[in-house]
Amino acid sequence: MPTTLSGMYWDSQGPLDGPPVLLIEGYTGQLIGWREEFCAMLTAKGLRVLRMDNRDIGLSRHEPEGTTYSIADMADDVREVLDDAGIDKATIIGQSMGGLIAQHVALNHPDRVAGLVLFYTTPTINYVSDGVFQSDIVIPQTHAEAIDVFLAGNRDTASPAYAYDEATQRLLASRMYVRNPDQSGIPRQRNAVRQMPDLSDRLTKITVPVALIHGRDDALISAQGSLRIAEQVPQAELHLYPGLGHEIAKALWPDFVAVIERTVRRSVVQSKFSAAATD
């Protein structure tokens with residue numbers, strides 16, 4: 001699978017001539033967190049689906065000890081992946097920290113963004129649970145410990161209205177460890193989130209179609225984060241789900257795929273209208 005010159009790992013599926021969407025995982029998450037079945041639902045709509053590992057996780061480059069970077073730097077990584085894939089513009093889809101990155105891509109590289117779909121994210125860390133920054137970071141040393149650590153955090157952010165699928169989450173934790181057991185970069189990712197500036201006032205500059213998805217029972221990032229984005233972004237549509245926690249619950253996949261497809265189609269129409277207006 002492709003890796004950019006700087007070491008960013010990504011993959012692609014679906015028709016090469018389909019409207020591209022790029023999926024960005026959250027804090028500590030590897031690209032396989034975007035489940036194959038979910039991606040297949042998107043490719044069935046004719047979309048080209050790209051996923052990427054953020055820096056310091058999975059098969060992307062791991063920074064040297066003592067390195068610091070920002071969410072804006074991680075947005076530059078997204079631009080590099082688009083370059084590597086030969087894509088001019090894509091609809092950027094980010095969950096949690098991936099949503100922070102997606103906002104930065106739209107603000108810092110607006111010519112590369114056709115639209116945004118943001119799952120349970122925020123423009124300011126004021127809406128992030130204090131526990132994210134205050135809790136001790138455990139770096140697993142064994143396969144079994146990695147699974148236990150993952151499941152402990154995963155259960156805490158699950159949805160009260162949707163059954164917790166421990167078997168699937170256990171398998172994901174195992175696959176992530178086997179894929180790349182080095183989790184030493186997690187503190188560097190957390191520091192990038194902690195240092196993120198408040199983007200609220202800049203969001204009015206985002207003029208592409210935006211869809212926001214958030215659970216009303218998200219214990220990690222308050223739904224106020226998505227509400228704040230919706231207040232600021234001119235073309236934002238907001239979807240709030242009661243009983244949904246900090247997850248892309250499988251029972252809601254058809255809803256989420258419909259939101260993504262509609263946002264992509266809106267972006268295609270807007271792009272054609274803009275092109276016609278400049279002719």
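In this predicted model, the buried residues of helix α5 are Ala146, Ile147, Leu151 and Asn154. These residues sit on the same side of α5, because the arc they cover around the axis is only 125°. What they pack against is α6. As for the helix itself, α5 is built from 14 residues and spans 21 Å from its first C-alpha to its last, close to the 20 Å expected at 1.5 Å a residue.

The α5 and α6 helices also share a charged pair. Glu166 and Arg155 form a salt bridge, with 3.2 Å between the closest N and O atoms. Glu166 belongs to helix α6 and Arg155 to helix α5 (residues 143-156), so this pair ties together parts that lie 11 residues apart in sequence. Neither partner is tucked away: Glu166 has a relative accessible area of 30% and is partly exposed, and Arg155, at 40% relative accessibility, also counts as partly exposed.

Helix α6 takes part in another salt bridge, this time through Arg179, whose partner is Asp53; here the closest N and O atoms are 2.9 Å apart. Since Arg179 lies in α6 (residues 166-179) and Asp53 in the loop between β3 (48-52) and α2 (71-85), the pair ties together parts that are 126 residues apart in sequence. Asp53 is buried, its relative accessible area being 0%.

The loop between β3 and α2 turns up again in the pairing of Asp56 with Arg188 from helix α7 (residues 186-194), which links distant parts of the chain, 132 residues apart. The salt bridge between Arg188 and Asp56 brings the closest N and O atoms to 2.8 Å. Both of these residues are buried: Arg188 has a relative accessible area of 12%, while Asp56 comes in at 0% relative accessibility.

Not every charged residue sticks to a simple pair. Arg55, Arg61, Glu63 and Asp77 are joined in a network of salt bridges. For the model as a whole, the count comes to 17 salt bridges. As a general point, side chains of opposite charge can pair when their charged atoms come close.

Put together, the charged contacts described here come in buried and partly exposed settings. Asp53 is buried at the loop end of its bridge to α6, and the bridge to α7 has both Arg188 and Asp56 buried. The α5 to α6 bridge, by contrast, joins the partly exposed Glu166 to the partly exposed Arg155, while the buried residues of α5 pack against α6.

Conventions
Residues numbered from 1 in each chain as written. Predicted model: local features only at pLDDT ≥ 70, side-chain atom pairs only at ≥ 80, totals over all residues. Heavy atoms only, no water. Salt bridge = Lys/Arg side-chain N within 4 Å of Asp/Glu carboxyl O. Helix = DSSP H or I, 4+ residues; strand = E, 2+ residues; numbered from the N terminus. Buried < 20%, exposed > 50% of the residue type's maximum accessible area, 1.4 Å probe, protein only. Expected span 1.5 Å × (residues − 1). Arc of directions from axis to C-beta. Contact = heavy atoms within 4.5 Å.
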